[in-house]
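Visitor: I would like to go through this model with a few questions. Please give the reasoning before each answer.

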Amino acid sequence: MQKGFAAYGTAKAALSAAGVPFVADVVARTADEAAQAASHFAGPLAIKILSPDITHKSDVSGVRLNISNAAAVRNIFNELIATAQTRGYRLAIATGRPRME
């Protein structure tokens, strides 16, 4: 077995295939994409840095919880981008739960 950390998509696919349930998520690369994705989910939302350079997101304040609207999603996305850029990280944002219509 190979040691080390698996990329988010690889790990999620392997765990999902093993029957581990996941909430729906969307990877966004811009604040507008993140806000648009948020409109497809029921709140509260979670946003996290998605980067192969960061093993523990909480170590870099890379997770935000209980986000309730698109304006907040945009602001938080921009905050996380600014944090990541000052530290040289690459990132995308993943958001939360499907909206039940």
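Visitor: Is D32 buried or exposed?

Guide: This is a predicted model, and the call rests on computed accessibility. The relative accessible area of D32 is 52%. The cut-off for exposed is over 50%, so D32 counts as exposed.

Visitor: Which residue forms a salt bridge with D32?

Guide: A salt bridge here needs a side-chain nitrogen of Lys or Arg within 4 Å of a carboxyl oxygen of Asp or Glu. For D32 the closest N and O atoms of the pair are 3.2 Å apart. The pair links distant parts of the chain, with D32 in helix α2 and its partner in helix α3, 42 residues apart. That partner is R74.

Visitor: How many salt bridges does a search of the whole structure find?

Guide: One is the pair of R74 and D32. Another joins R64 and E79, with the closest N and O atoms 3.6 Å apart; R64 is in strand β4 and E79 in helix α3, 15 residues apart. For the whole structure, the search finds two.

Visitor: How does R64 count by relative accessibility: buried, partly exposed or exposed?

Guide: The relative accessibility of R64 is 22%. Buried means under 20% and exposed over 50%, so R64, which lies in between, counts as partly exposed.

Visitor: Which helix supplies the largest share of the largest nonpolar core?

Guide: The largest nonpolar core has 15 residues, and those with the most contacts inside it are L45, I47, I67 and V73. At least two residues each come from α2 (31-38), β3 (45-49) and α3 (70-87). The largest share is four residues, and it comes from α3.

Visitor: What is the approximate area of the nonpolar surface patch that includes L15?

Guide: L15 is in helix α1 (residues 8-17). Its relative accessible area is 41%, so L15 is partly exposed and passes the patch cut-off of over 30%. Together with V20 and F22, L15 makes a nonpolar surface patch of about 240 Å².

Visitor: Which residue in strand β4 (residues 63-67) has a phi near 60°?

Guide: The value is positive, and the residue is other than glycine. It counts as exposed, at 62% relative accessibility. The residue is N66.

Visitor: How far apart in space are A42 and N69, C-alpha to C-alpha?

Guide: A42 lies in strand β2 (residues 41-42) and is buried, with a relative accessible area of 18%. In sequence, A42 and N69 are 27 residues apart. In space, C-alpha to C-alpha, the distance between A42 and N69 is 9.6 Å.

Conventions: Residues numbered from 1 in each chain as written. Predicted model: local features only at pLDDT ≥ 70, side-chain atom pairs only at ≥ 80, totals over all residues. Heavy atoms only, no water. Buried < 20%, exposed > 50% of the residue type's maximum accessible area, 1.4 Å probe, protein only. Core = buried A, V, L, I, M, F, W, Y, C linked by side-chain atoms within 4.5 Å. Patch = residues over 30% accessible without salt bridge, like charges linked within 9 Å, V, L, I, M, F, W, Y side chains within 5 Å. Areas by Shrake-Rupley, 256 points an atom, 1.4 Å probe, with all protein chains shown as cover.
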